[in-house]
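Here is a quick walk through a structure, written for someone who would rather be at the bench. Have a look at the picture first, then read on.

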Amino acid sequence: MSTKKNPAIDLARPPCLPDASIDAALRILKSGYLFRYGETSDTTLSDAALLEQEFSTFIGSKYCVAVNSGGSALFLALKAAGVKSGEPVLLNAFTLAPVPGAIHHAGAEPVLVETNQDCIVDLADLERKAKEYPNARFLLLSYMRGLFPNMEHIHELCNQYSLTLIEDCAHTLGARWRTKPLGSFGKAACFSAQSFKHINAGEGGLLATNDEDLAAAAILMSGSYMLYGQHKARPSLEKFEALRFNTPNYSLRMSDLSAAILRPQLALVNNWKTQWQHIYTQVLAQLKHIPGVKFAQRFSDADYVPSSLQFSLPSYEVNEIERLLVLTSQQGIHLKWFGADNPKGFTSRPEHWSYMQNPTQIPQTEKILSRLFDLRLPLNFTDQECYFLGSVLKQAIIEAKA
Ligand SMILES: *Cc1c(COP(=O)(O)O)cnc(C)c1O
């Protein structure tokens with residue numbers, strides 16, 4: 001099979017770092033102070049502490065903790081919120097592997113909730129699971145690929161069933177439900193700075209919360225030693241007194257180098273959102289009218305950051321899908337399919353997480369994922385590339401069925 005690589009259409013290319021990030025990285029590298037804490041030196045300029053402060057302002061949270069990955073932030077949020085070993089934690093089944101992984105890491109049991117055809121949590125099944133697991137105290141809601149449900153309905157259900165909401169915002173930095181930012185609905189919200197998300201430090205995670213007990217526990221657990229006073233987006237020092245000798249240090253810190261790279265990017269998030277919306281609209285325009293192609297419905301009054309595009313081909317047989325994948329990859333476009341028996345890249349699904357002790361049956365999600373495709377939209381895509389991508393896909397989708 002020819003896999004001629006067209007570098008102009010590399011969907012996996014990360015956004016370029018702004019010059020200010022490169023300058024900041026050089027400043028840190030030249031100083032040698034890559035660790036966020038100083039024992040005796042003045043650390044009022046710790047980039048990690050400043051990033052936490054700036055991120056809190058951006059999201060509108062009181063507190064923030066920077067860690068080494070989005071998955072670590074999720075683990076920490078669960079632990080600091082008091083998730084106990086063996087307890088059930090509800091989560092929507094269409095998500096990325098680090099999300100059930102974080103629940104497992106925290107010693108709890110993931111309970112999967114069905115996905116609907118719009119790739120978001122099925123609210124009727126959420127209610128069913130809340131009834132079926134009356135001892136579940138937490139809902140870890142993952143806004144997979146930047147898609148999210150009606151947040152007012154989530155709020156009502158969480159109230160009704162006494163569920164504490166923890167938000168996985170890996171793909172919703174900059175997104176809003178009506179006027180309220182995603183990440184401001186739950187007890188804690190977790191963000192990722194991995195290169196394929198909305199800010200890029202290679203690796204990194206941020207946990208935002210308004211809860212001072214959770215914040216103090218998370219700062220201690222993240223690995224702040226007895227230097228937690230150097231945090232800026234933290235609760236008062238008294239909050240740490242009761243916790244500091246009985247809270248484990250899980251060593252999940254973000255380095256000052258990553259923080260320095262991220263800080264200048266926060267100012268660009270809203271421009272990037274506009275750029276992604278433009279790219280998304282252009283690619284979508286070409287795929288919209290192809291017979292048999294279905295798109296997830298989005299809320300008209302929500303503000304998305306569409307860094308990827310999902311579509312499904314409900315009427316396609318597996319052999320037709322395989323043909324489609326060959327046709328697109330011959331043009332250098334690597335389409336992701338959530339239905340492959342042998343998952344590739346970032347497309348594993350619940351049946352591949354067999355470490356789960358009592359996997360919940362999710363036939364509806366399995367059916368949806370078996371015909372679901374995902375296309376990453378690089379931030380620096382030109383109009384020409386959008387057009388090329390759209391036309392190659394369109395042709396391949398039609399040809400694969402013939
Ligand atoms: C990327 C991602 C994560 C985890 O982020 P890492 O920084 O890679 O650990 C969590 N949830 C979703 C939906 C993601 O896409």
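How many bridges join strand 12 to strand 14? Five bridges do the job, linking residues 308-312 to residues 372-376, and the two strands run antiparallel.

Before going further, a word on the ground rules. This is a predicted model, where local features need pLDDT of at least 70 and side-chain atom pairs count only at pLDDT 80 or more, while totals for chains, interfaces and linings use all residues. Residues are numbered from 1 along each chain as its sequence is written, and side-chain values use heavy atoms, with hydrogens and water left out.

**The sheet around strand 12**

Strand 12 belongs to an open sheet of four strands, in the order 10-12-14-13, with antiparallel pairing. Strands here are DSSP runs of E with at least two residues, helices are runs of H or I with at least four, and both are numbered from the N terminus; two strands pair if DSSP finds at least two bridges between them. At the edges sit strand 10 (294-295) and strand 13 (336-337), each pairing on one side only. Strand 10 meets strand 12 through two bridges, again antiparallel.

Phe311 of strand 12 stands opposite Phe295, and also opposite Phe373 in strand 14. Ser312 has Leu372 of strand 14 across from it. Ser308, Gln310 and Ser312 point one way from strand 12, Leu309 and Phe311 point the other way, and all are buried (under 20% relative accessible area; over 50% is exposed, in between is partly exposed; 1.4 Å probe, protein chains only). Because five of the five residues of strand 12 are buried, the strand is largely enclosed by the rest of the structure.

**The ligand site**

Now for the ligand. It is surrounded by 15 residues, and the closest are Gly70, Gly71, Asp168, Ser192 and Lys197 (a residue counts when one of its heavy atoms lies within 4 Å). By type, the shell divides into five nonpolar, eight polar and two charged residues. Here are some distances to oxygen atoms of the ligand:

| Residue | Polar atom from | Distance to a ligand oxygen |
|---|---|---|
| Gly71 | backbone | 2.8 Å |
| Ser192 | side chain | 2.7 Å |
| Gln194 | side chain | 3.3 Å |

Taken alone, the ligand exposes 380 Å², and the protein buries 93% of that (Shrake-Rupley areas, 1.4 Å probe). Helix 3 (70-80) and helix 4 (98-105) are the elements that give two or more residues to the shell.

**Cysteines**

What does a disulfide search of the whole structure find? It comes back with zero disulfides, a disulfide being a pair of cysteine sulfur atoms within 2.5 Å. The sulfur of Cys119 is 18 Å from the closest cysteine sulfur, in Cys169, so that is too far for a bond. Cys190 is in no disulfide either, with the nearest cysteine sulfur, that of Cys169, 7.6 Å away. Cys119 is buried at a relative accessible area of 5%, and Cys190 is buried at 1%.

**Two more buried residues**

Ser348 is found in the loop between strand 13 and helix 12 (363-369). At 18% relative accessibility, Ser348 counts as buried, and its side chain makes a polar contact with the side chain of Trp353 at 2.9 Å (N or O atoms within 3.5 Å; within protein, one must be able to donate a hydrogen and the other to accept it, and residues adjacent in sequence count only if both atoms are side-chain atoms).

Thr328 has its place in helix 11 (residues 318-330) and counts as buried at 0% relative accessibility. Its C-alpha atom is separated by 6.3 Å from that of Ala396, with the two residues 68 apart along the chain.

How values were computed: Ala, Val, Leu, Ile, Met, Phe, Trp, Tyr, Cys and Pro count as nonpolar, Asp, Glu, Lys and Arg as charged, and the others, Gly among them, as polar.
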